[in-house]
Amino acid sequence: MNIAFFLPSLSSKGGLERATITLINTLAEYYSKDIEVTLVTLRDECSAFPVSDKVNVSYLNINDYRKQYLLLLYKIRKFIKSNDINIFVSVETMTLLFTFIPMFTLIKRPKFVLWEHFNFKNNNNRRSRDYLRVLASKFLDLIITLTERDAETWINKLSPSAKVTYIYNISPFSNHVPFYKKDSKKAVAIGRYVSVKGFDRLIKAWALYEQKFGSNGWTLDIIGYGELAEQLKHSIILNGLKNVRLVADTKGVEYYYSNAGLYCMSSYFEGLSMVMIEAQSFAIPAVAFDIYTGNSEILEFGSGILVEDGDLEAYATAIHSLTSNINLRLSMSHKALENSTRFKDINIAKRWLKEFENLLYSY
C-alpha cells in the first residue's frame with residue numbers, strides 16, 4: 001500500500017505540522033512492512049519536527065506557489081502518476097486548492113482523502129474554505145475530522161457522498177511514563193499568545209478566583225510566545241496579579257507538564273486541542289470551557305472540569321474546586337491517565353490503517 005500525505009510546509013511549529021509528522025512517522029515505524037509512506041511538500045526546508053528515516057520525502061521545488069501555481073499543479077499530478085500512489089491524503093481543507101485539480105485530471109486516480117484540522121464552524125476567515133468543504137463532501141472518497149462532534153456536523157450540514165469519520169490526534173508524549181506531582185501548586189497553560197487561545201479570559205478568570213477564594217499558594221504560568229505578549233502582560237498588571245506570569249518556553253513543554261498540578265484550557269475554539277491531549281499524557285487534571293469541539297471529548301469520563309463556554313465565574317469556581325481538594329485532583333489525574341490511552345500512537349495508527357484498508361479493499 002503506497003500512501004502519500006501532502007503538507008505544503010515543514011518549517012512551521014504549528015499543531016497541524018506536528019500532528020501530521022507525528023502520524024506519518026508512526027505509520028512508517030509500525031507498518032513499514034505493509035505500507036510505504038511519502039510526505040509531499042513544496043520545497044526542501046528544515047523541518048520543525050523530526051521526520052523518520054522510514055518516511056520518503058518528496059520535494060516539489062516550489063518556492064512561491066502563487067507565482068508557480070500552474071507548475072505546482074503539474075508537479076503534483078506528475079508525482080501521483082509516477083509513483084503508483086494508492087491513497088493520497090490532502091492535509092487541511094485549503095490544500096485542496098493545490099491537489100483537487102491534479103487528482104481529477106488523472107484517468108486512473110488513487111483514493112482521495114481529506115484530513116481536516118479545523119472544526120466545521122471555523123473557516124479561519126476564508127470563505128473559500130467553506131466552498132472547498134462542499135467540494136470535498138461531494139467528490140472525495142474519505143474525510144477525516146479530529147472529533148466525533150465535528151464528523152456529525154459534516155454529515156448533518158453537507159449530506160456528503162464521501163464517507164466522513166473522525167480520528168483523534170496522537171499525543172507526542174503517548175509513550176511517556178507519567179508521574180503526577182500531587183503536591184504541586186502550579187497551574188499551567190501552553191500556547192501561542194494569539195486571540196484564539198483565550199489567555200485574556202484565563203487571566204480574568206484567575207483574577208476572579210483569587211478575589212473570591214485567595215490563591216492558597218497556587219500560581220499560573222502561561223507558557224508560549226506571540227504577538228499579544230504585551231497586551232497580556234498589561235492585563236496581568238491591571239488585574240493586580242502577582243501569581244500569574246508569562247513564560248518563554250526555554251526548557252521544553254515536558255518540563256512544565258511534569259511540574260504542573262493543574263492544566264487551564266481557555267481557547268475560544270479548537271479543532272482538537274493538542275495541549276489538552278498532552279496534559280492527559282502527563283496525568284494532569286484540567287479545567288476547560290465547553291467549546292464546540294474537542295474539550296468535552298478529551299475530558300469525558302471525569303478527567304477534568306468542563307464549564308459553560310464564556311462563564312468566567314464558573315471557571316474560577318472550578319479552579320478553586322481543584323486547587324482546594326487534593327483527593328479530587330488525584331481522582332481526575334487517574335482518569336486522565338486512563339483516558340490518555342485513546343491518544344497513544346499505536347492505537348491511532350491502527351485506526352488510520354483500518355480506514356485505508358477499507359478504502360482499498362471494501363466492495
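## Strands, a helix face and some salt bridges

Strand β4 and strand β5 (residues 111–115) run parallel and pair over five bridges. Keep in mind that this is a predicted model. Within that pairing, Ser 90 sits opposite Leu 114 in β5. β4 also has strand β1 (residues 2–6) as a parallel partner, this time through four bridges. There, Phe 5 stands opposite Val 89 in β4.

So how much of β4 is covered, and which way do its side chains go? Five of its five residues are buried. Ile 87, Val 89 and Val 91 point one way, while Phe 88 and Ser 90 point the other way. That fits the general pattern: in a regular strand, side chains alternate between the two faces of the sheet.

### Salt bridges

Time to look at charged pairs. Side chains of opposite charge can pair when their charged atoms come close. How many salt bridges does the structure hold? There are 15 salt bridges in it. Three of them are set out here, each with its N to O distance.

| Pair | Distance, N to O |
|---|---|
| Arg 129 and Glu 92 | 2.6 Å |
| Arg 201 and Asp 309 | 3.0 Å |
| Asp 221 and Arg 245 | 2.8 Å |

Take the side chains of Arg 129 and Glu 92, which meet in a salt bridge. This pair links distant parts of the chain, with Arg 129 in helix α4 (residues 127–139) and Glu 92 in the loop between β4 (87–91) and α3 (96–104), 37 residues apart. Are the partners buried or exposed? Arg 129 is buried, with a relative accessible area of 2%, and Glu 92 is buried as well, at 8%.

Next come Arg 201 and Asp 309, whose side chains also meet in a salt bridge. Arg 201 belongs to helix α6 (residues 199–213) and Asp 309 to the loop between β13 (304–307) and α11 (312–323), so the pair ties together parts that are 108 residues apart in sequence. Arg 201 is buried, its relative accessible area being 6%, whereas Asp 309 is partly exposed at 37%.

The Asp 221 and Arg 245 pair forms a salt bridge too. Here the link is between distant parts of the chain that are both strands: Asp 221 is in β9 (residues 219–223) and Arg 245 in β10 (residues 244–247), 24 residues apart. Asp 221 counts as buried at 2% relative accessibility, but Arg 245 counts as partly exposed at 45%. Elsewhere, salt bridges with shared partners join Glu 116, Arg 127, Asp 130 and Arg 133 into one network.

### Helix α11

On to α11, the helix that follows the loop holding Asp 309. Does its length add up? At 1.5 Å a residue, twelve residues should span 16 Å, and the end C-alpha atoms of α11 are indeed 16 Å apart, so the two agree.

Which residues of α11 are buried? They are Tyr 315, Ala 316, Ala 318, Ile 319, Leu 322 and Thr 323. Viewed down the axis of α11, these buried residues fall within an arc of 160°, so they line one face of the helix. And what covers them? The cover includes α6, β11 (262–265), β12 (286–289), β13 and α12 (326–339). At the start of α11, a side-chain oxygen of Asp 311 comes to within 3.3 Å of the backbone nitrogen of Glu 313.

α12, one of the elements covering that face, holds Asn 339. Asn 339 is buried, with a relative accessible area of 5%. Leaving aside residues up to four places away in sequence, Asn 339 touches Gln 280, Ile 298, Glu 300, Phe 301 and Ser 303.

### Two positive phi angles

Finally, a couple of backbone oddities. Asn 216 is not a glycine, yet its phi is positive, near 55°. Asn 216 is found in the loop between α6 and β9, and it is partly exposed, with a relative accessible area of 46%.

Ala 283, likewise not a glycine, has a positive phi of about 60°. Its place is in the loop between α9 (274–281) and β12. Is Ala 283 buried or exposed? Ala 283 is buried, with a relative accessible area of 4%.

Key. Residues are numbered from 1 along each chain as its sequence is written. This is a predicted model: local features need pLDDT of at least 70, side-chain atom pairs count only at pLDDT 80 or more; totals for chains, interfaces and linings use all residues. Side-chain values use heavy atoms; hydrogens and water are left out. A salt bridge is a side-chain nitrogen of Lys or Arg within 4 Å of a carboxyl oxygen of Asp or Glu. Buried means under 20% relative accessible area, exposed over 50%, partly exposed in between (1.4 Å probe, protein chains only). The expected span of a helix is 1.5 Å times one less than its number of residues. The arc is that of the directions from the helix axis to the C-beta atoms. Contact means heavy atoms within 4.5 Å. A polar contact is a pair of N or O atoms within 3.5 Å; within protein, one must be able to donate a hydrogen and the other to accept it, and residues adjacent in sequence count only if both atoms are side-chain atoms. Two strands pair if DSSP finds at least two bridges between them.
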